[in-house]
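User: I have a structure open and I'd like to go through some of its strands and helices. Can you put it up here too?
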Amino acid sequence: MVVKKGNRGGMGGEDAEEELKRDPLQAILLADSFATLFRPITLERPKVLLPIVNAPMIDYTLAWLESAGVEEVFVFCCAHSKQVINYLQNSDWFDQPNFSVTTIESYNSTSAGDALRLIYEKNVINGDFILVTGDTVSNMSLTQALKEHKERRRKDSNAVMTMVIKQSKPSSKTHQTRLGTEELFIAIDPDTKQLLHYEDKADTLKGTVSLDKGLLIENSSVSLHNDKQDCYIDICSPEVLSLFTDNFDYQHLRRHFVKGLLVDDIMGYKIFTHEIHSSYAARIDNYRSYDTISKDIIQRWTYPLVPDVQFFGNSVAKPERQGTYRASDVGLSRFAKIGPFTVIGSGTTVGSYTEVSNSVIGESCTIGSNVSIDGCYIWDNVTIEDGCKLKHAIVCDGVIIKSEAVLEAGVVLSFKVVIGQGFVVPAYSKVSLLQQPVKQDSDEELEYADNNSGPIETTSISNTPKYFEDELKTELSDSQMQAVSEVGNGGLGFIWSVSEGAHEDEWRHSVAPIPVDRLVEIIKKQAAELEISNDDGNILPPSGELEPNSMNDSDEDARDDDAHFEKEVEATFLRAVDENVKEEHVILEVNSLRLSYNLTATDCASALFYAIMKLALDTPHGSPGELVKNVAGVILKWNKVLKYYLASIDDEIEVIQKFEEMCLDSTEYSTLFVEILHLLYDKDVLQEDAILNWASEKEEAEDSDKLFVKQAEKFIQWLNEASEEEEEEEE
C-alpha cells in the first residue's frame, strides 16, 4: 500500500515500557449514518459504499485509520448491512498485516446510541478508542491528539472524550459552512481546551447564543467561537460506551450525549477539544459536503488520499494539466474537450465535441457527442446520449440519459433511472425507480431500514427492462405507468416531491452553488432583521469576530480558507474560459463564492489576478516574449472582470503584492516582473498612484522584501518624473 502508516510514538524514557505493554489502538467505525439526507440513493445502497472521486467513502476512512496507526477496527453495520459486509469480505481489508477489520451486524439499531450499546455488550473494546463514521475523509495524524487525551486521563479520570475540531468560517449570509452544515457555536476554556458549550442550531436569525450563568461564574475565561468545524473524529475512553448503556436517552452523539455531559453537574465527566490546522478532516454529511470534499480531493488537500495515489478501493488516474486526472484506458474523441478539475475513470468513452469540466466521471461510462457536463458526479456504467446538457447533478450507476435531455442544477438521479429523449429534469429534482415512501420518518437521524429490519414501503420497478415495447406497457401497473410518464418519452423513474417547508434545504444542501437570487433574498431579509434588532443591541457580530479577546485564530487556518477560496475562483475562471462564459456571469459566480467564504472584493481581485496569470503561464509558450504575449491576451479579454473588483488604489496594491508572490514561486515570471508591471499599467489595470504607493510602502521594508521594487526602479522613476511634469503643466 502506498499510503504510509503513521507512528503513534512520541513517548520515551519511563513511558517506553508502558508503550510495549499497551493494548492495540482500536477504532469503532459506524457504517450507518442514521440519517436520510442522501435519499433516495441510500434506499438502495448504504451511504458508506457511495463513491467519492471513484472510490467508496468507507475506503477513505479505513485507509486513513490504517495509516494513522490504528490496529483494530470494528465496523458497525445496520442499514444494508449485508452489502457492507460483502464489500469488505471481497476487498483486501481483511488481509492486511497489523490491521484487523471486524464487522458487527445489527438488524434493529436506529441510532448511534443503539450501536454503541450493542458494541459495549460485545465486550471488544479494551482501552481508549477512536470513534468515527464511515463517511470521514482525513489525513491527520492521531499522535498528538492521543498523547493529550492520555495525559489528561492520567490527571483526571473524568476526561472521557477528546473531539477533533478545525477552523471553518461560516458564511455571514447563509450561516452555513462550506460543507453545507449549520453554523456551530462552541465555548471552550482557552487554557485547558475543555468544551463548555456546544450548539449546532443556534438562533442564527437573531444572532444570539444563550450561555448558562453558572458557566461564566465557574470559568475564569471562556472563548466563544462560531468559526469551528466539528470533524466528528472522537478519541474516547471506555467509559463512553458504559455511559451510553447507562442512559438510554442518549441516541445522537452530539445532540444527546455531548450536550448531556455538558449539563450534567453530578457525574462531572468532561469533554476536551483538539484543534488541527494544516491537516485535513471532514465528514460527508450532505450533498453540498459531498461536492466540497470531492473538490478538496481533486485539489489534493487530502494527500495522500488523492486520485493518482493507489490506496484500497481506488483505481489510479494519471494527473494532467489544470487539476485533471484521466485513467490510462479512457477513450477520448479527438474533438472532445476536458476542462479543469475533472477526473475520468477507467473504460469510459467521450464523444466528439463533448465538453466536461469540474466533474468526476466513473468507470465504463459512455458519453455521446455534443454533450455538456459541468460540475457533475457521474458514477459507473452510465450512458449519456448525444446532445445532453448536465449541470451540477449527481447521476448514479446504470442511469441512461437519452438524447437532448437536460439535467438542471441540483438534480439527483438514483440507480438505473432512464431519462426520456429531450426531457428537462427540473432543478433540485430527485428521481428514483422507487416510489417516495408513504411514511417518511420526521427524525433525520433515523436511516431508512433495509429488508433486514422491515419492509420498504415503496413500489420498486427496478427489475423492469430498460426499454419498453408497446405490448409490455399494457401490462404495467398504474404506478409503473406513472414512472414511465414522469421522466419523458421512453423514460423510467419517479420524481420525488419536496415536502412543504423543505424547499430551502434542497438548495442549501445541493451540489449546485446557492443561486444568486436566493443570496439576494437572504441579504435583504437579514438587512430588515438587523434594523429591527438594532434597538436591542443583541447582535452577534460577523463570523470570526465574536469578541476580539475571545478568538484564538491562527494565521495558518486563515491561509487555509484563503487558499480554498483562491482555488474555487480559479476553477470558476477556467470554466468561464473553456465555455466562453459572459463576463457578467463570471462576476455573479465569483460574488457567490465571496459571500459563501465571507471575504472581500479585494480577496476576489487577488484570486482572479492569480487565476489570470496562472492561465497565461500554463498556456504553451517557447520564450519569455511569448509568455508576455500570453499575459497581454488574457488581460485584454478579462480586463473588465478584474477591474470590477479594483475599486480603490489599495485593491490595486493588493494585486501588485499578489504578483510579487507569484514571481517568488515562478522563475519565468520573476525575470519579467518589470515588463508585466508596465503592461498592467498600459492596459489600465493598475494606476500610476497604485504603483507609486506600493513602492513608497516598501521604503521601510527589509532588503529581502525590496527585490522587485529594485527591479522596477527605472520604471518607478519614470512614473515619478511624469507625475511631476503633469503637476508643473497644471500650475
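Analyst: One term before we start: two strands pair if DSSP finds at least two bridges between them. Also, this is a predicted model.

User: OK. How many bridges are there between strand 9 and strand 10, and in which sense do they pair?
Analyst: Strand 9, residues 185-188, pairs with strand 10 over four bridges, in the antiparallel sense. Within that pairing, isoleucine 188 has leucine 195 of strand 10 as its bridge partner.

User: What sheet are they in, and what is the strand order?
Analyst: They belong to an open sheet of three strands, ordered 10-9-11, with antiparallel pairing. Strand 10 (195-199) and strand 11 (223-225) are at the edges with a single partner strand each, so each has one side without a neighbour in the sheet. From one strand to the next, the twist averages 10 degrees.

User: Switching to strand 8. Buried or exposed?
Analyst: Buried. Strand 8 covers residues 159-167, and nine of the nine are buried, so the rest of the structure largely encloses this strand.

User: Which strands does it pair with?
Analyst: Strand 13, residues 270-276, pairs with strand 8 in the parallel sense over seven bridges. Strand 12, residues 228-236, runs antiparallel to strand 8 and is joined to it by six bridges.

User: Which residues could I click on to see that?
Analyst: For strand 13, try methionine 163, which stands opposite threonine 273. For strand 12, try methionine 161, whose bridge partner is cysteine 236.

User: Where do the side chains point in a strand, generally?
Analyst: In a regular strand they alternate between the two faces of the sheet.

User: There's a sheet of nine strands as well. What is its order?
Analyst: The order is 15-16-19-22-25-28-31-34-35, in an open sheet with mixed pairing. Its edges are strand 15 (318-319) and strand 35 (494-496); each has a single partner strand, so one side of each lacks a neighbour in the sheet.

User: Give me one pair from it.
Analyst: Strand 28 (residues 394-395) and strand 31 (residues 412-413) pair in the parallel sense over two bridges. Valine 395 has leucine 413 in strand 31 as its bridge partner.

User: Now helices. At what angle do helix 20 and helix 21 pack?
Analyst: About 145 degrees, with the axes 10 Å apart. Helix 20 is residues 673-682 and helix 21 is residues 688-697.

User: Which residues meet there?
Analyst: Phe673, Leu677 and Tyr681 in helix 20 meet Glu688, Ile691 and Trp694 in helix 21. The residues of this contact are five nonpolar, no polar and one charged.

Note on methods. Residues numbered from 1 in each chain as written. Predicted model: local features only at pLDDT ≥ 70, side-chain atom pairs only at ≥ 80, totals over all residues. Heavy atoms only, no water. Axes fitted to C-alpha atoms, helices over the stretch in contact; angles between N-to-C directions. Buried < 20%, exposed > 50% of the residue type's maximum accessible area, 1.4 Å probe, protein only. Contact = heavy atoms within 4.5 Å. Nonpolar A, V, L, I, M, F, W, Y, C, P; charged D, E, K, R; others polar.
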